[in-house]
Amino acid sequence: MQAAALEETLQACNQAATWASQVAFEKDIKRNFALREHTYTAVKGRWGLGAQAAQHVIKKTCDAYTTLKANLTAGNLGKPSSKRYRRATEKPIAFRPEGAQPYDDRMLSWQYTQRTVSIWTLSGRMKGVAFTAAPEHLARLALYRKGESDLLFRDGMWFLTATCEVPEAELNTNVTQFLGIDLGIVNIATTSDGQLMAGRRLNRGRLRERTLRQKLQRKNTPSAKRRLKKRRRKETRRARDINHKGRFPLSVDTLIIGS
């Protein structure tokens, strides 16, 4: 029942965001308060969203166009004459039915000791929804969580992504030695004292994954499709694990919530 309510809510929010995106594209209105004048009432009425949810839907739409503009300016989508550039600019941005939806503290409250959350849905407020995470992430969450959290659905599981503002450690002013690090692709890192972290292992893994994907895609059997689905994002997870071995944890914790 919890999963059904969360799914209904997430799909409604993303449908509303896609519609708001069409309005923003047609009227060339990409700023939050200006777009709200044209979409707020309809978003609330047509999809049954609460006031906070409707505002977050509209803001999410504007943020998507801001990100697109930044990518275009930086040249990340190629030249204006390129196919990729035109494909990104000639139609409105669309949101996946299971795309992430932001929640503020009025829509989502955390009970850290009980490891539960109270979350707004179209079916009403759901209380006592269980969540879990690694012990160090739970401790950081209780101490440093601040701002919005994102609800998303991925690979059959529900996640809450919470932002934690962890204070920086005090600056060590008594440094007597320095270590320089040069980052690259062939060699992931090379230190000034001669230590070399080669990227050969990572590149081999990428080649192996790409070869396997191509082989499974050519077969196109039900079994091959199951294996492709199972291996989704495996290469990304491996690269992230290698790149962050020995580094400080990220400031964003991902929590699995019960269903």
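This report describes helix packing, strand pairing and confidence in a predicted model.

## Confidence

The mean pLDDT of the protein is 87, and 93% of the residues score at least 70. Residues 246-256 are an exception to that level, since their pLDDT stays under 50. The model still has 33 contacts beyond four places in sequence for residues 246-256. Where pLDDT is low, the predicted coordinates should not be read in detail.

## Helices α1, α2 and α3

Two packed helices are described by the angle between their axes and the distance between the axes. Helix α1 covers residues 2-27, and its axis comes within 10 Å of the axis of α2, with a crossing angle of roughly 150 degrees. The limit for roughly antiparallel is over 145 degrees, so α1 is roughly antiparallel to α2. The crossing of α1 and α2 is right-handed. From α1, the contact takes in Ala12, Gln15, Ala16, Trp19, Ala20, Val23, Ala24 and Lys27. From α2, the contact takes in Leu35, His38, Thr39, Ala42, Val43, Arg46 and Trp47. By residue class, this contact of α1 with α2 has 10 nonpolar, three polar and two charged residues.

Helix α2 (residues 32-47) also packs against helix α3 (residues 51-74): their axes come within 9 Å and cross at roughly 135 degrees. That angle makes α2 oblique to α3. The crossing of α2 and α3 is right-handed. On the α2 side the contact is made by Asn32, Leu35, Arg36, Thr39, Tyr40, Val43 and Lys44. On the α3 side it is made by Ala51, Ala54, Gln55, Val57, Ile58, Lys59, Thr61 and Cys62. The contact of α2 with α3 divides into eight nonpolar, four polar and three charged residues. Leu35, Thr39 and Val43 of α2 appear in the contact with α1 and also in the contact with α3.

## The β3-β4 hairpin

Strand β3 (residues 116-121) pairs with strand β4 (residues 124-132) in the antiparallel sense, over five bridges. The two strands are joined by a hairpin through two residues. Within this pairing, Ile119 stands opposite Met126 of β4.

## The β7-β8-β9 sheet

Three strands make an open antiparallel sheet in the order β7-β8-β9. The edges are β7 (181-183) and β9 (196-198), each of which pairs on one side only. On average, neighbouring strands of this sheet are turned by 10 degrees against each other, direction ignored.

β7 and β8 (residues 187-191) run antiparallel and are joined by three bridges. Ile181 has Thr191 of β8 as its bridge partner, and Asp182 has Thr190. On the other side of the sheet order, β8 pairs with β9 in the antiparallel sense, again over three bridges. Here the partner of Ala189 is Met197 of β9. The hairpin of β8 and β9 has four residues between the strands, and in it Gly194 takes a positive phi near 95 degrees. In a regular strand the side chains alternate between the two faces of the sheet.

## Helices α6 and α7

Helix α6 (residues 200-219) and helix α7 (residues 222-230) have axes that come within 8 Å and cross at roughly 150 degrees. The crossing of α6 and α7 is left-handed. In α6 the residues involved are Leu212, Arg213, Leu216, Gln217 and Lys219, which meet Ala224, Arg227 and Leu228 in α7. By class, the contact of α6 with α7 has four nonpolar residues, one polar and three charged.

Key:
Residues numbered from 1 in each chain as written. Predicted model: local features only at pLDDT ≥ 70, side-chain atom pairs only at ≥ 80, totals over all residues. Heavy atoms only, no water. Axes fitted to C-alpha atoms, helices over the stretch in contact; angles between N-to-C directions. Parallel < 35°, antiparallel > 145°, perpendicular 65-115°, else oblique. Left-handed = near helix turned anticlockwise from the far one by under 90°. Contact = heavy atoms within 4.5 Å. Nonpolar A, V, L, I, M, F, W, Y, C, P; charged D, E, K, R; others polar. Pairing = 2+ DSSP bridges. pLDDT = per-residue confidence, 0-100.
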